[in-house]
Amino acid sequence: MITFLNLIDEPKYYAHVRQIRWPNGLKCPKCGSETVIRNGHDHYHSGRQGYQCHGCRANFDDLTDTVFEGHHQPLKVWMLCL
Ligand SMILES: [Zn+2]
């Protein structure tokens with residue numbers, strides 16, 4: 001699948017998302033725990049870091065529960081707004 005994501009610097013983009021989302025450090029989106037371990041990378045987007053919460057065992061990644069998850073077009077618009 002060809003998307004605009006192929007045209008931008010993905011690791012940089014996800015690093016930016018992380019910075020906006022967790023300016024004070026990583027937190028579990030489900031329970032709010034700060035004890036989170038890295039849990040590999042997304043299959044298709046190598047810059048998209050996966051995590052597992054140590055408290056509730058929830059799996060999530062950089063885009064989980066954000067407006068960007070699964071929506072390519074709004075994400076593109078968002079990038080243009082930066
Ligand atoms: Zn949790």
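Helices and strands are here runs assigned by DSSP, at least four residues for a helix and at least two for a strand, numbered from the N terminus. On that basis, the protein chain in this predicted model reads α-β-β-β-α along the sequence. That pattern comprises 2 helices and 3 strands.

Allow me to begin with confidence. The mean pLDDT of the chain is 81, and 72% of the residues reach 70 or more. Which elements mark the two ends of the range? Helix α2, residues 72–81, has the lowest mean pLDDT of the elements, at 54, whereas β2 has the highest, at 96. Where pLDDT is low, the predicted coordinates should not be read in detail. I shall therefore say nothing further about the geometry of that part of the model.

I turn now to the sheet. The 3 strands form an open sheet in the order β1-β2-β3, and the pairing is antiparallel. Strands β1, residues 36–41, and β3, residues 59–61, lie at the edges, each pairing on one side only. From one strand to the next, the twist averages 35°. As a general reminder, strands of a sheet pair through backbone hydrogen bonds, in either a parallel or an antiparallel manner. In this model, β2, residues 49–53, is joined to the antiparallel strand β3 by 3 bridges. Within β2, Gly50 stands opposite Asp61 of β3.

The loop between β2 and β3 contains Arg57. The phi angle of Arg57 is near 70°, a positive value in a residue other than glycine. Most residues other than glycine have a negative phi. Is Arg57 buried or exposed? Arg57 is exposed, because 10 other C-beta atoms lie within 10 Å and the cut-off for an exposed residue is 12 or fewer.

Next, the first helix. Helix α1 covers residues 10–21, and Glu10 belongs to that helix. Why is Glu10 classed as partly exposed? Glu10 has 15 other C-beta atoms within 10 Å, and this count falls between the limit of 12 or fewer for exposed residues and that of 20 or more for buried ones. Glu10 also takes part in an approach across the sequence: its C-alpha atom is separated by 5.7 Å from that of Gly47, although their positions lie 37 residues apart along the chain.

Finally, two figures for the chain as a whole. Of its 82 residues, 11% are buried. Among contacts with a separation of 6 or more, 38% involve residues 24 or more positions apart. Thank you for your attention.

Methods: Residues numbered from 1 in each chain as written. Predicted model: local features only at pLDDT ≥ 70, side-chain atom pairs only at ≥ 80, totals over all residues. Pairing = 2+ DSSP bridges. Axes fitted to C-alpha atoms, helices over the stretch in contact; angles between N-to-C directions. pLDDT = per-residue confidence, 0-100. Contact = placed C-beta atoms within 7 Å.
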